[in-house]
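User: I'd like to learn how to read empty space, charge pairs and cysteines in a model. Could you walk me through them?

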Amino acid sequence: MNNNKNAYRDKIDQWYEAHTNDMLKDLGRLIAINSVKTPEQPGAPYGSASREVLSLAGTMLEKQGFAVQEFENIMLTSDLGPNPPLLGILAHLDIVEAGEGWDTDPFEMAIKDGVIYGRGIIDNKGPAVASMYAMYCARELCPNLKHGVRLILGSGEETGFDDVTKYLAKNAPPPNVFSPDAEFPVVNTEKGRFCPFFGASWEKDDVLPRVISITGGKTTNIVPNRAEAEVEGFAKNEVEAFCRAYSEKTGATLIVGESENGKLTISAEGTATHAATPELGNNAQTALIEMLAAMPFAQSKSFGYVCSLNRLFAHNDYNGRALGIEMSDKKSGKLTVNFGVLRFTEYEFSANFDSRTPACADEVDITGITKSAFANEHISVTESTISQCHHTPEDGKFVQTLLKIYEEYTGNEPGCLTMGGQTYVHDIPGGVVFGCGFPGVNYNAHGPNEFMTVDQLLISAKMFTQVIIDMCG
């Protein structure tokens, strides 16, 4: 960095020292809103809380003298400078359910020993506030920016990106855009996504022993940590023996209990994680199916489909080997598969899986391969969604600016990353992710006790400020 930029860094440090308390106060106000998407209400397409959190962020910006533009009550934008925006910062204010297991109130921000706790601290309210304060700081330190900056805040990221899809259909993004919604240094490659829905039906068969039902995960993009089956025609001690053996084999916890009319329930407990990294979890659903497929059920259509599912989604097959879609490339890594949702009854089943696909999958008929694998098991694909891999070259000016700033502020080795998750920038040409997670830290983003340190929040905001100055000053 040249002397001028080093001088800016000193000023940036001083500015944030004077404004840290204000920044934390604003963050706490946003955390207090349980902005999970809920059913539409008048003037609130994503529910009242989503509308409230956007309104509060807009009020905060206006209090600082920034004009705010609302888009269909689902997004808002605010520009820095009178000139057209060269840089865009795209964050979101919606969250996932808080869930159980918290040591603090997830909607009352807590700071303990320099660590901030609360739902949305890292995903994505903390980064959104860091972006807002970067605008405030850059305006004060560099009031005559040559190019404009646009902050874009959404409220539907966690539920499918409908907000940004609608926004981009009517508004062109700035030529350089980053989202602070994953990790540092820079994520320049986001895998594609392939999500087929499939199932089968048959005549109900009462022959014993039989599988009555299987209930697995609720969400496609989460590795199921619980699954349950109901069976009939076995003695409890027989099933207990299988549970012991397959608990040891799969690493999941399998337990048998009694239900009505002499039927037995089998519960499986594994470890949940994001579908983008299924190898970090333990799929309770596939563990349960593997055990059921090994048990001496009567030969029937119902049991035949249990065995089919076990063949297609073997426990710990995270890469689609059995489906015939295993592939990888140097640019974007391996294809992953998460068997996420299953509803299995006495006469039908419906299910889906979530695959994160590398760039090489864009050149392959992955839908056709999958349909063929299912057809061999007499299973039909009813619908599917697919998106291609997103990649921004590393050698461009924008990415190189981000990498240099990261190295200067952290002292860490810069470099570009690939991830299986997708962000707002997935369909924006040239878009990348910059922050706010630091390498090697699990922030519990969708789990209990989500956190981020005060120091990490501040250094993120400082880097965002430097990006604004370097790109637009």
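User: Let's start with the enclosed spaces. How many cavities of 30 Å³ or more are there?

Analyst: Keep in mind that this is a predicted model. The general idea goes like this: rolling a probe the size of a water molecule over the atoms shows where empty space is left. Here the count is 2 cavities of 30 Å³ or more. The largest cavity holds about 100 Å³ of space, and the second largest cavity about 60 Å³.

User: Which residues lie nearest the centre of the largest cavity?

Analyst: Look for Asn-283, Thr-286, Asp-317, Val-337 and Phe-339, out of 13 lining residues. Strand β17 (residues 336-344) gives the largest share of that lining, with 3 residues. By type, the lining of the largest cavity splits into 7 nonpolar, 5 polar and 1 charged.

User: And what lines the second largest cavity?

Analyst: That lining is made of Asp-205, Val-207, Arg-210, Val-211, Ser-300, Ser-302, Phe-303 and Glu-346. Both β11 (210-215) and α7 (301-312) supply at least two of the lining residues. The split here is 3 nonpolar, 2 polar and 3 charged. Hold on to Arg-210 and Glu-346, as both turn up again in a salt-bridge network.

User: Now the open spaces. What is the volume of the second largest pocket, and which helices line it?

Analyst: Its volume is about 250 Å³. The helices α1 (3-31), α2 (48-63) and α3 (125-141) each put at least two residues into its lining, and α1 has the largest share, with 6 residues. There are 14 lining residues, with Asp-22, Asp-26, Lys-63, Gln-64 and Tyr-133 nearest the centre of the pocket. Sorted by type, the lining gives 4 nonpolar, 3 polar and 7 charged.

User: How should I read the salt bridges, and how many are there?

Analyst: Side chains of opposite charge can pair when their charged atoms come close. The whole structure has 15 salt bridges. Take Asp-26 from the pocket: its side chain meets that of Arg-29 in a salt bridge, at 3.7 Å from N to O. The two sit 3 residues apart in helix α1, so about one helical turn separates them. Asp-26 is buried, at 12% relative accessible area, while Arg-29 is partly exposed, at 37%.

User: Which salt bridge links distant parts of the chain?

Analyst: One of them is Glu-72 with Lys-170, where the closest N and O atoms are 3.0 Å apart. Glu-72 is in the loop between β1 (69-71) and β2 (75-80), Lys-170 is in helix α4 (residues 162-170), and 98 residues separate them. Lys-170 is exposed at 62% relative accessibility, and Glu-72 is partly exposed at 38%.

User: Where does Arg-210 come in?

Analyst: Arg-210 forms a salt bridge with Glu-232, again with the closest N and O atoms 3.0 Å apart. Glu-232 lies in strand β12 (residues 226-232) and Arg-210 in strand β11, so the pair ties together parts 22 residues apart in sequence. Arg-210 is buried, with a relative accessible area of 10%. The network of salt bridges links Lys-204, Asp-206, Arg-210, Glu-232 and Glu-346.

User: Last one: why is Cys-142 not bonded to Cys-472?

Analyst: A disulfide is a covalent bond between the sulfur atoms of two cysteines. The sulfur of Cys-142 has its closest cysteine sulfur in Cys-472, but 9.2 Å is too far for a bond. Cys-416 is in no disulfide either, as the nearest cysteine sulfur, that of Cys-389, is 13 Å away. Searching the whole structure turns up 0 disulfides. Cys-142 is buried, at 9% relative accessible area, whereas Cys-416 is partly exposed, at 22%.

Methods: Residues are numbered from 1 along each chain as its sequence is written. This is a predicted model: local features need pLDDT of at least 70, side-chain atom pairs count only at pLDDT 80 or more; totals for chains, interfaces and linings use all residues. Side-chain values use heavy atoms; hydrogens and water are left out. A disulfide is a pair of cysteine sulfur atoms within 2.5 Å. Buried means under 20% relative accessible area, exposed over 50%, partly exposed in between (1.4 Å probe, protein chains only). On a 1 Å grid over the protein atoms alone, a cavity is a set of points where a 1.4 Å probe fits but cannot get out, and a pocket is an open set with protein on both sides within 12 Å along at least five of seven lines; lining residues have an atom within 4 Å of a point. Grid points are joined across faces, edges and corners, and a volume is the space filled by probe spheres set on the points. Helices (H or I, at least four residues) and strands (E, at least two) are DSSP runs, numbered from the N terminus. Ala, Val, Leu, Ile, Met, Phe, Trp, Tyr, Cys and Pro count as nonpolar, Asp, Glu, Lys and Arg as charged, and the others, Gly among them, as polar. A salt bridge is a side-chain nitrogen of Lys or Arg within 4 Å of a carboxyl oxygen of Asp or Glu.
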